[in-house]
Amino acid sequence: MNIRETNYWLETVFDRVQGARDSLPETADVAIVGAGFCGLSAARQLAKRGVSVAVLEAETVGWGASCRNGGMVLTGMKLPVPTLMARYGRDAVRKMYAASLESIDLVERIVKEEGIDCGFSRCGHLEVACKASHFAAYAEAAARVQREFGHELRIIPKNELHAEIGSAIYYGGLVDESSAGVNPAQYVAGLAKAAQRAGACLVEQTRVIGVKAESANGNRRFRLSTSRGALLAQEVLLASGAYTTSATPVLRKKVIPIGSYIVATEVLPADLAGELSPRNRMIYDSKHFLYYYRLTPDKRMLFGGRAAFFPESQNTVRTSAELLRQGMIDVYPQLRETKVEFVWGGTLDFTFDVMPHCGKLDGMHFALGFAGHGVAAATWMGAKLAGVICGDPDDNPFSRISFPSAPIGLRSGNTWALPLAGMYYRVLDYFT
Ligand SMILES: Cc1cc2nc3c(=O)[nH]c(=O)nc-3n(C[C@H](O)[C@H](O)[C@H](O)COP(=O)(O)OP(=O)(O)OC[C@H]3O[C@@H](n4cnc5c(N)ncnc54)[C@H](O)[C@@H]3O)c2cc1C
């Protein structure tokens, strides 16, 4: 295979962010670590409210998960509703679900208000059942979502599935019309420009090495040491996601970085693209070790999955290409002769309870744990945290739940246990 080991989405960003390498300011009201959806959404909102804000990014704008993902702007959360209800109770989960719907509206609103050309489209998502038992559970899941949240999901029996997907391997599907698709690299670039226009200072190639609280004239402030000097800030927001390092150990020990990989084919003939995904849905399957896939706006098949559990490296990216191509052909035998042109990987920010979290740690604001739902959720969480920093009441349901740390042995970025987790989920997929 002659495949380019590069992120396809980046090839589509022609209007790059300018002026984000200027010098580091000496002070800011708020310093944000990380220029992904979360940090940039917060920066945009803070700057619009007249707060001076500096976004410090170790690499380039959107370099982390935010430009590498599948661009699926999804409703719902990672965990099933009954698990959530049992853990947090009905009231809290209703607020969480409402937040997940609101987060898609927010992305739509930002795209419209800021004129971001990123192909945002409410095309809906389709979950496909890999087993008869998975399909049987859809009816109860849809009824519960309708009852608890007043939100409609549509069940698609196997004999009607051809109108949704050109694959014969599934037992049925579940459609949510509220979800959307986006080109994530164009979206994150547009979000960065919107934050800049509002007055935020973006500083790329600036790695935060440590953050210390200190007191000046009886007031607390933070000193951030970076690869380009120091910055003093009244407030700090950690929006470093799965790429969080030991520069902020208090957050590092709370995140599990898990690799996810994507291939993109050559551009498909229009009739073949229409056959594979007649309604242009964002699609994922019902397994724990799942595949997610969609057509790109220029009609490539973009096919992703957790081909390796480790965060991306040249080795994992290379081996994922063939594994994912094989998975794609299992779903769509029509693509057997189709060339895969791109492969890339990224790291997901899982937490130990598989939930998103936000709040304060050591006096610093933070948000992470979006896993595979971060396009909308990280945008929403960033905007919410900006409000809290400005003094708005904190009505965020995710700031009220407890946030478990890694067990000892998995702290400080040690990922030795990830293949075990991978094996565990494969076994679970076999038996459930
Ligand atoms: C392959 C893949 C597919 C995905 N698919 C989807 C999908 O289809 N739909 C969906 O909703 N979600 C998806 N996700 C998840 C989604 O992309 C993330 O949840 C979301 O982008 C997280 O945004 P963020 O701003 O929190 O973090 P990121 O975008 O990861 O940004 C964090 C930034 O912080 C920077 N940083 C870290 N430490 C420092 C430091 N010390 N100093 C300075 N900068 C630092 C990093 O360089 C990075 O750019 C996917 C993720 C991956 C990897």
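This tour goes through the ligand site, a cavity, a pocket and a run of three strands in a predicted model.

**The ligand site**

Start by selecting the ligand and the residues around it. There are 37 of these, and the nearest are Glu57, Ser66, Met72, Val208 and Val375. Show those five as sticks before adding the rest of the shell.

Next, turn on the backbone atoms for three residues. At Gly64, a polar backbone atom is 3.1 Å from an oxygen atom of the ligand. At Gly374, a backbone N or O atom lies 3.0 Å from a ligand oxygen. At Tyr243, the partner is a nitrogen atom of the ligand, 3.4 Å from a backbone N or O atom. How much of the ligand's accessible area does the protein cover? On its own the ligand has 1,000 Å² of accessible area, and the protein covers 98% of it.

Now colour the shell by secondary structure. Helix α1 (37–48), strand β16 (340–351) and helix α9 (374–389) each contribute at least two residues. The largest share, 4 residues, belongs to β16. Gly374, with its backbone contact to a ligand oxygen, falls at the start of the α9 range, 374–389. Recolour by residue class, and the shell divides into 17 nonpolar, 16 polar and 4 charged residues.

**The cavity**

Leave the ligand and switch to a display of internal space. Rolling a probe the size of a water molecule over the atoms shows where empty space is left. In this model the count is 1 cavity of 30 Å³ or more. The largest cavity holds about 210 Å³ of space. To centre the view there, select Gly76, Met77, Pro356, His373 and Ala377, which are the closest to its centre among the 19 lining residues.

Two elements give two or more residues to this lining: α3 (90–113) and α9. Helix α3 supplies the largest share, 4 residues. Helix α9 should already be coloured from the previous stop, as an element that also supplies at least two residues of the ligand shell. By class, the cavity lining has 13 nonpolar residues, 5 polar and 1 charged.

**The second largest pocket**

Move on to the second largest pocket, with about 450 Å³ of space. Which residues should be selected to find its centre? Take Leu10, Arg16, Thr60, Trp63 and Cys67, the closest to the centre of the 24 residues that line the pocket.

Then show α5 (184–198), α8 (314–331) and β16, the elements that give two or more residues to the pocket lining. Strand β16 was picked out earlier for its 4 residues in the shell around the ligand. The pocket lining divides into 12 nonpolar, 6 polar and 6 charged residues.

**Strands β9 to β11**

For the last stop, select residues 208–216 and 219–226 as cartoon. These are strands β9 and β10, paired in the antiparallel sense over 8 bridges. To see one bridge, pick Gly210 and its partner in β10, Ser225. Val208, in the range of β9, is one of the residues that come nearest to the ligand. The two strands form a hairpin with 2 residues between them. In the turn, select Asn217, whose phi is positive at about 50 degrees.

Finally, extend the selection to β11 (residues 229–238), which pairs with β10 in the antiparallel sense over 5 bridges. Arg223 has Leu232 in β11 as its bridge partner. A hairpin through 2 residues joins β10 to β11.

Notes: Residues are numbered from 1 along each chain as its sequence is written. This is a predicted model: local features need pLDDT of at least 70, side-chain atom pairs count only at pLDDT 80 or more; totals for chains, interfaces and linings use all residues. Side-chain values use heavy atoms; hydrogens and water are left out. A residue is near a molecule or strand if one of its heavy atoms lies within 4 Å of it. A polar contact is a pair of N or O atoms within 3.5 Å; within protein, one must be able to donate a hydrogen and the other to accept it, and residues adjacent in sequence count only if both atoms are side-chain atoms. Accessible areas come from the Shrake-Rupley method with a 1.4 Å probe; for residues, only the protein chains shown count as cover. Ala, Val, Leu, Ile, Met, Phe, Trp, Tyr, Cys and Pro count as nonpolar, Asp, Glu, Lys and Arg as charged, and the others, Gly among them, as polar. On a 1 Å grid over the protein atoms alone, a cavity is a set of points where a 1.4 Å probe fits but cannot get out, and a pocket is an open set with protein on both sides within 12 Å along at least five of seven lines; lining residues have an atom within 4 Å of a point. Grid points are joined across faces, edges and corners, and a volume is the space filled by probe spheres set on the points. Two strands pair if DSSP finds at least two bridges between them.
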